[in-house]
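Please open the structure in your viewer and keep the selection tool at hand, since each stop on this tour asks you to pick something out and look at what is there.

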Amino acid sequence: MADEGSRESSSDREGDELPVLFPGLVSADSCCRLVCELLKHVLYQRQQLPLPYQQLAFFSRTDSGLADSSTLPHSRRNEQNNCKKFQRVLSELNEIFQNLEAMFMLTLVPCVHILLGGSIVNPKEMYEINMERIVFGSTEESLKTVSCIRKLFHTLFVKDIFNELKSIPLMNTVLLVQGHRDCGVQWFRPKLNYRIPNRTRKLVINLACDTVNFTSTEQPTSYNHDDYIWFQAPITIKGFH
């Protein structure tokens with residue numbers, strides 16, 4: 001039987017909520033991309049990365065062919081050290097993204113948690129991406145992924161949530177994903193004892209589809225929460241400046 005934390009709805013917990021309503025069906029691939037883009041955004045906005053993800057990728061490519069550090073001046077060695085940090089975190093994030101994609105192919109994912117700092121039991125901040133109200137469709141009949149991303153970030157910028165938050169020190173970031181207990185995922189590790197933190201700063205991002213013009217068969221999936229458990233990514237993202 002699933003733990004109480006798995007069955008607890010976002011409306012039962014304190015914290016800010018951000019509803020994002022999509023005007024059509026959304027594919028599982030698009031949901032995966034939304035989670036990936038939100039993870040990148042949270043890491044940068046909460047000062048865990050010195051640059052946005054795309055800029056990190058650009059600078060790591062630019063400096064990937066640097067000479068041996070012993071032959072470089074001090075300032076250039078610092079640049080090379082930064083490049084190595086960029087490459088490390090990019091490698092870790094890309095591994096997470098690839099395995100998230102596999103996870104979304106294996107199972108419906110009703111919820112994702114991004115935990116910053118502290119511990120899994122008591123993190124400093126928690127970002128919940130709730131997808132229980134998403135109406136899934138095939139790639140052909142769903143909204144384009146780029147449109148979904150644009151809608152999400154337009155809502156984020158209008159609400160201006162991140163600019164209201166205080167600066168925080170460097171922390172570890174942990175990703176937890178809810179999936180069917182029998183989905184067969186190998187990379188993510190089952191976290192059966194995970195309880196949703198209730199004494200932490202929270203932002204719940206509720207992704208949903210506007211079902212006004214949908215048919216009776218185009219409705220949000222009904223989840224039996226007893227069949228869904230939490231899985232933890234085996235990689236912890238370490239913030240750096």
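Colour the chain by secondary structure and follow it from its beginning, and you will meet the pattern α-β-α-α-α-β-β-α-β-β-β-β-β, which comes to 5 helices and 8 strands. Keep in mind as you look that this is a predicted model.

Now show the whole chain, with its 241 residues, of which 50% count as buried, and add the accessible surface, which comes to about 12,400 Å², with 48% of that belonging to carbon and sulfur atoms. Among contacts between residues at least 6 apart in sequence, 86% join residues at least 24 apart.

Next, go inside: which residues of the largest nonpolar core touch the most other members? Select Ile96, Leu100, Met131, Leu152, Leu175, Phe188 and Leu207, which hold that place among the 63 residues of this core. Centre the view on Leu152 and, leaving aside residues up to four places away in sequence, you will find that Leu152 touches Val20, Leu34, Leu38, Ile205 and Leu207. Apart from the largest core lies another core, of 9 residues, including Ile120, Val174, Tyr194 and Trp230.

For the last stop, select Asp29, Cys32, Arg33, Cys36, Glu37, Lys40, Asn94, Phe97, Gln98, Glu101, Phe104 and Met105, which line the largest pocket. The elements that give two or more residues to this lining are helix H2 (28-45) and helix H4 (74-106). Colour the lining by residue type, and it divides into 5 nonpolar, 2 polar and 5 charged residues, while the space in the pocket is about 170 Å³.

Note on methods
Residues are numbered from 1 along each chain as its sequence is written. This is a predicted model: local features need pLDDT of at least 70, side-chain atom pairs count only at pLDDT 80 or more; totals for chains, interfaces and linings use all residues. Side-chain values use heavy atoms; hydrogens and water are left out. A nonpolar core is a set of buried Ala, Val, Leu, Ile, Met, Phe, Trp, Tyr and Cys residues joined through side-chain atoms within 4.5 Å. Buried means under 20% relative accessible area, exposed over 50%, partly exposed in between (1.4 Å probe, protein chains only). Contact means heavy atoms within 4.5 Å. On a 1 Å grid over the protein atoms alone, a cavity is a set of points where a 1.4 Å probe fits but cannot get out, and a pocket is an open set with protein on both sides within 12 Å along at least five of seven lines; lining residues have an atom within 4 Å of a point. Grid points are joined across faces, edges and corners, and a volume is the space filled by probe spheres set on the points. Helices (H or I, at least four residues) and strands (E, at least two) are DSSP runs, numbered from the N terminus. Ala, Val, Leu, Ile, Met, Phe, Trp, Tyr, Cys and Pro count as nonpolar, Asp, Glu, Lys and Arg as charged, and the others, Gly among them, as polar. Accessible areas come from the Shrake-Rupley method with a 1.4 Å probe; for residues, only the protein chains shown count as cover.
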